[in-house]
Amino acid sequence: MSDSDDLDLRALPDQDLVQQMHDDLYDGLKEEIEEGVHILLERGWTPYRTLTEALVEGMRIVGIDFRDGILFVPEVLLAANAMKAGMTILRPLLAETGAPAVGKMVIGTVKGDIHDIGKNLVSMMMEGAGFEVINIGINNAVEAYLEAIDEHKPDILGMSALLTTTMPYMKVVIDTLKEKGMRDDYIVLVGGAPLNEAFADAIGADAYCRDAAVAVETAKEFMHRKHNVRGGATG
Ligand code: B1M
């Protein structure tokens, strides 16, 4: 920690600064991450580049050492906090497109799962692409999804799961929509590190989204199809 205390982040060239931010994220240094994000933006980096190269890449490294038993939950929580602080700065900038809403999405992490960084990133990127996003948080039981759908009438239902033990819950939600005869009223997109396309197919989702950028592209594509179908039906 003392290394970072002494370091003048502004004196570092871009590449070294990004490297230092990966280290600071690893060490859970929230203020340093905030400062690093500001510096990159001042230097003309786009919010998206700052997000992906400085923050998401840093979190990927944290994930590897968490998996390998080098980092533990308390340290990873600190890293997650630092990441969120950086995302808080970038969120309004990413959303600043001024575009009319191209669709509405309700998104939440499934029951039993409290991972929310990826979901929040998807929300931010979707907002940036002009979607209205209702983020219902973590640990959502099927009732919470139904309530949000009923209240907000979205085009898209997004679900996130980061654990192999919680991903099957997505099927519970989709099966409930089917039972209620509501499944075809929504585009269901799913994502999270342990998922893949075969899983999304097997549970009856419309698509698996590998990352936030793919989520945006997929959502746009489905909205386009939805509008075309409507246009075809009426015209
Ligand atoms: Co957890 N954790 N964790 N964790 N954690 C993982 C997921 C794990 C892979 C780590 C590992 O072992 N390598 C592992 C899961 C193993 C498995 O099931 N296969 C794991 C474990 C085991 C656990 C605990 C059980 C640990 C314990 O207690 N012993 C526990 C479970 C808690 C619970 O949920 N009930 C736990 C706890 C935690 C923390 C609380 C400490 C913290 C979460 C903090 C938070 O989110 N606020 C945490 C973290 C941070 C991680 C890792 C390190 C990082 C996750 C992350 O934020 N990634 C993670 C390791 C990893 O994934 N490599 C790990 C960055 C984020 C940008 O990526 O979330 O993948 P990601 O999101 C991407 C895409 O997946 C996709 O787009 C996103 C952006 O590009 N996407 C979607 C995600 N959701 C989407 C939804 C969509 C579309 C796309 O909808 C349309």
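This talk covers one helix, H3, its packing against helix H5, and two buried residues elsewhere in the chain. Please keep in mind that the model is a predicted one.

I'll start with H3. Helix H3 takes in residues 30–42, which makes 13 residues. From the first C-alpha to the last, H3 reaches 18 Å, close to the 18 Å expected at 1.5 Å a residue.

Which residues of H3 are buried? They are Glu 32, Ile 33, Gly 36, Val 37, Ile 39 and Leu 40. These residues lie on the same side of H3, because the arc they cover around the axis is only 165°. On the other side of the helix, Glu 31 and Glu 42 are exposed. After H3 comes Gly 44, which has a positive phi, near 95°.

Now the partner helix. Two packed helices are described by the distance between their axes and the angle between them. For H3 and helix H5, which is residues 73–95, the axes come within 7 Å. Their crossing angle is roughly 30°. Angles under 35 degrees count as roughly parallel, and H3 and H5 are therefore roughly parallel to each other. The crossing of H3 past H5 is right-handed.

Which residues make that contact? From H3, the contact is made by Lys 30, Ile 33, Glu 34, Val 37, His 38 and Leu 41. From H5, the residues are Asn 81, Ala 82, Ala 85, Gly 86, Ile 89, Leu 90 and Leu 93. You have already heard two of the H3 names: Ile 33 and Val 37 are among the buried residues of H3, and they are also part of the contact with H5.

Next, two single residues. Ile 203 lies in helix H9, residues 197–203. Is Ile 203 buried or exposed? Buried means under 20% relative accessible area, and Ile 203 counts as buried because its relative accessibility is 4%. Leaving aside neighbours within four places in sequence, Ile 203 is in contact with Met 170, Lys 171, Ile 174, Lys 178 and Val 190. As for Asp 16, Ile 203 is 187 residues from it in sequence and 44 Å from it in space, C-alpha to C-alpha.

The other residue is Ser 160, in strand E3, residues 156–160. Ser 160 is buried as well, with a relative accessible area of 7%. Not counting residues up to four places away in sequence, Ser 160 touches Gly 108, Thr 109, Val 110, Lys 119, Met 170 and Gly 191. Met 170 appears in both contact lists, that of Ser 160 and that of Ile 203.

How values were computed:
Residues are numbered from 1 along each chain as its sequence is written. This is a predicted model: local features need pLDDT of at least 70, side-chain atom pairs count only at pLDDT 80 or more; totals for chains, interfaces and linings use all residues. Side-chain values use heavy atoms; hydrogens and water are left out. Helices (H or I, at least four residues) and strands (E, at least two) are DSSP runs, numbered from the N terminus. The expected span of a helix is 1.5 Å times one less than its number of residues. Buried means under 20% relative accessible area, exposed over 50%, partly exposed in between (1.4 Å probe, protein chains only). The arc is that of the directions from the helix axis to the C-beta atoms. Axes are lines fitted to C-alpha atoms, for helices over the stretch in contact, and angles run from 0 to 180 degrees between N-to-C directions. Angles under 35 degrees count as roughly parallel, over 145 as roughly antiparallel, 65 to 115 as roughly perpendicular and the rest as oblique. A crossing is left-handed if the near helix is turned anticlockwise from the far one by less than a right angle, and right-handed if clockwise. Contact means heavy atoms within 4.5 Å.
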